[in-house]
Amino acid sequence: MDIFRTTMSLQQFRFILQCLRFDDKSTRAERSKIDKLAPIRDVFEHFVANCRNNYTVGEIVTIDEKLEGFWGKCPFRQYIPSKPRKYGIKIFALADSRTFYSSNLEVYTGKQPEGPYNLSNSADAVVERLISRISGSGRNVTVDNWFNSVPLATRLLKDHNLTLLGTLRKNKKELPPEFVQTKNRQIHSSMFGFNGDITLVSHVPKKGKVVLLLSTMHHDDKIDESTGEQKKPDMITSYNTFKGGVDTVDQMCATYVVSQHREQRATSTSLPGELQMKLKRQATSIQDGHKEEKRRREGKGRGTEIVFENKVLRKIFGAKRDEITGEWRKLHNTELHALYSSPDIIRNIKSIRLRWAGHVARMGESRNALVGRPEGKRPLGRPRRRWEDNIKMDLREVGYDDRDWINLAQDRDQWRAYVRAAMNLRVPYKPVFRCADPELAIKEMDHWMRSLRILRVRKDAIRMNIIRIQWGFD
C-alpha cells in the first residue's frame with residue numbers, strides 16, 4: 001500500500017518482508033497433508049477474525065465470489081473470465097451491501113484431503129458457513145443465481161431467521177413452467193408467484209429473455225414507478241441496489257497491486273502500486289525495444305506498441321463497473337491516460353535509443369561499428385532503414401536537422417538535453433551552448449529556437465529554460 005512510503009524507506013520495507021514468515025516451516029509439510037491452505041491458514045483466519053470482531057455489518061449483506069489475482073504455482077488457482085483478473089485464488093466473501101466491508105471470507109481450495117478441512121463446497125454449505133456469525137439476526141442476504149435455491153431460502157428463514165434475495169437459474173425443478181417460457185410474453189411484463197413466505201417473479205426485460213428472482217423479504221407484486229416504461233418490480237430494483245457489495249470490494253482491491261513480477265525481487269510482493277507500475281513500464285520498454293526497431297524498419301506504425309501498452313495498463317488498473325448497465329467493462333483509452341499521465345511507450349523507447357546512440361558515438365573509431373561498411377552487393381530494391389536512420393529521424397523530431405549527430409553526441413550535456421526532449425516533445429529541453437564568442441552563442445541560440453517552432457514554444461520561455469551559456473569566462 002502507498003501508505004508504507006510515509007512510514008519507512010523501501011530498503012527497510014524489503015528487509016521486513018525478508019524476515020516475515022506466516023507459519024512454522026518445520027511443520028508445514030505435515031500440516032499440508034490435511035490442508036492445502038496450510039502455509040497461510042493461521043494468518044488468514046486471524047485476519048478474518050479481526051474483520052468480524054471489529055465491525056458489525058448492516059441489515060443487508062451480500063455473498064459472492066471474488067478473485068485475488070495470482071499467477072504463481074498453486075494447486076487451487078482458478079480461471080474466471082468474467083472477473084477483472086482472470087487468474088487467481090477464488091474467495092467467497094460476505095460483505096456489507098452499503099459500506100462494502102468484508103466481514104467473513106473463505107478461500108476455495110477445491111477437494112481437500114481427508115481431515116478437519118474436508119468440507120462441502122456446495123453453494124448451500126458455503127452460504128451457511130459464511131452466515132454463521134449473523135445467524136438469527138433477522139438480516140437479509142443477497143446472492144446471485146449460483147448460490148440461490150428454494151431449499152436454501154427456506155432453510156435460512158426457518159433455521160437462521162434470515163431473508164434471502166437473489167436471481168434464480170431456469171433449471172431449478174421447483175419452478176413452474178410458465179415462469180420460464182418467453183413465448184407470448186410482452187416486453188416489460190412481470191409474473192408473480194407466492195408460496196408461503198417465498199415470492200417468485202419472472203420479468204421480461206426484452207424479447208426472448210426472462211429474469212427470475214426469488215425473495216423471502218418481499219411479499220407483494222409492487223412495481224417500482226421510478227423505472228418508467230421498463231416497469232421493473234421492486235424486487236429487481238432492490239437486487240440491483242445490493243448485488244454489487246462484493247464486486248465493489250473486488251474493484252477497490254484491484255487499485256492496490258500486490259502481485260509478484262519478474263522484474264521485482266522475489267520478496268517484494270507488496271511494493272507500492274506506483275513503484276510497481278514504474279518497474280513494469282521500464283521492463284516493458286527494455287524488453288520490447290528491439291521489436292519497435294524491427295517494426296520501424298519494416299515500415300509499420302506505432303499503433304501496435306500503443307495497443308500493447310494500453311493492454312498492460314488495463315492489466316494493472318483492472319476493469320471498471322459501468323454506472324448505467326452495472327456490468328464490468330474495460331477502461332477506455334482516455335480513462336487510462338487520466339490514471340497514468342506519462343509519456344507513452346514510444347517516447348520512452350526513443351529516449352533510451354538516443355541515450356545508447358550517444359554512448360556508441362563516444363566509443364571512438366576503434367570500437368565503433370558505425371564506422372565500418374559491409375562488403376559485397378546489397379539486394380535489389382529500396383535500401384532498408386538502418387539503425388542510424390532511426391537516430392536521425394528521432395533527432396529531427398526534437399529540432400536537430402544537422403546530419404553530423406556523432407559530433408553532437410560528444411557533448412554529454414547537450415546530448416542529454418535531446419534525450420530528455422525525446423521523452424516528451426511537449427516539454428522544451430534545456431540545451432547547453434559552449435562558445436567563447438557571446439555574439440556567436442546568441443546566434444546559435446536563435447537558430448536553435450527557430451528550429452523548435454514545430455513545438456510552438458514561445459521564445460521567452462525557451463530563454464528561461466537554458467541551463468547554462470558558457471561564454472568562455474566565469
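This briefing walks through the chain as a whole, one strand, one pocket and two individual residues. Keep in mind that we're looking at a predicted model. The protein chain has 474 residues, and 40% of them are buried. In secondary structure terms, you'll find 18 helices and 13 strands. As for contacts between residues at least 6 apart in sequence, 58% of them join residues at least 24 apart.

**Strand β1 and its partners**

- Strand β1 covers residues 60-69, and nine of its 10 residues are buried, so the rest of the structure largely encloses it.
- On the antiparallel side of things, β1 pairs with strand β3 (residues 87-96) through nine bridges.
- If you want a spot to look at in that pairing, Thr 62 sits opposite Ala 95 of β3.
- β1 also runs parallel to strand β5 (residues 140-143), and three bridges join the two.
- Within that parallel pairing, Val 61 has Val 141 in β5 as its bridge partner.
- As background, side chains in a regular strand alternate between the two faces of the sheet.

**The second largest pocket**

- The second largest pocket holds about 1400 Å³ of space.
- It's lined by 44 residues, and the ones closest to its centre are Tyr 239, Asn 240, Lys 243, Thr 325 and Glu 327.
- Strands β1 and β5 turn up again here: along with β8 (198-206), β9 (209-215), α7 (234-242) and α8 (245-253), they are the elements that give two or more residues to the lining.
- Sorted by class, the lining is a mix of 14 nonpolar, 16 polar and 14 charged residues.

**Ser 189**

- Ser 189 belongs to the loop between α6 (177-180) and β7 (190-195).
- A polar atom of the Ser 189 side chain lies 2.5 Å from the backbone oxygen of Gln 186.
- Setting aside neighbours within four places in sequence, Ser 189 is in contact with Ser 202, His 203 and Val 204.

**Glu 388**

- Glu 388 is part of helix α14, which spans residues 387-397.
- Despite being a charged residue by class, Glu 388 counts as buried because its relative accessibility is 15%, and the cut-off for buried is under 20%.
- Trp 405 is 17 residues away from Glu 388 along the chain, and the C-alpha atoms of the two are separated by 9.7 Å.

Note on methods
Residues are numbered from 1 along each chain as its sequence is written. This is a predicted model: local features need pLDDT of at least 70, side-chain atom pairs count only at pLDDT 80 or more; totals for chains, interfaces and linings use all residues. Side-chain values use heavy atoms; hydrogens and water are left out. Buried means under 20% relative accessible area, exposed over 50%, partly exposed in between (1.4 Å probe, protein chains only). Helices (H or I, at least four residues) and strands (E, at least two) are DSSP runs, numbered from the N terminus. Two strands pair if DSSP finds at least two bridges between them. On a 1 Å grid over the protein atoms alone, a cavity is a set of points where a 1.4 Å probe fits but cannot get out, and a pocket is an open set with protein on both sides within 12 Å along at least five of seven lines; lining residues have an atom within 4 Å of a point. Grid points are joined across faces, edges and corners, and a volume is the space filled by probe spheres set on the points. A polar contact is a pair of N or O atoms within 3.5 Å; within protein, one must be able to donate a hydrogen and the other to accept it, and residues adjacent in sequence count only if both atoms are side-chain atoms. Contact means heavy atoms within 4.5 Å.
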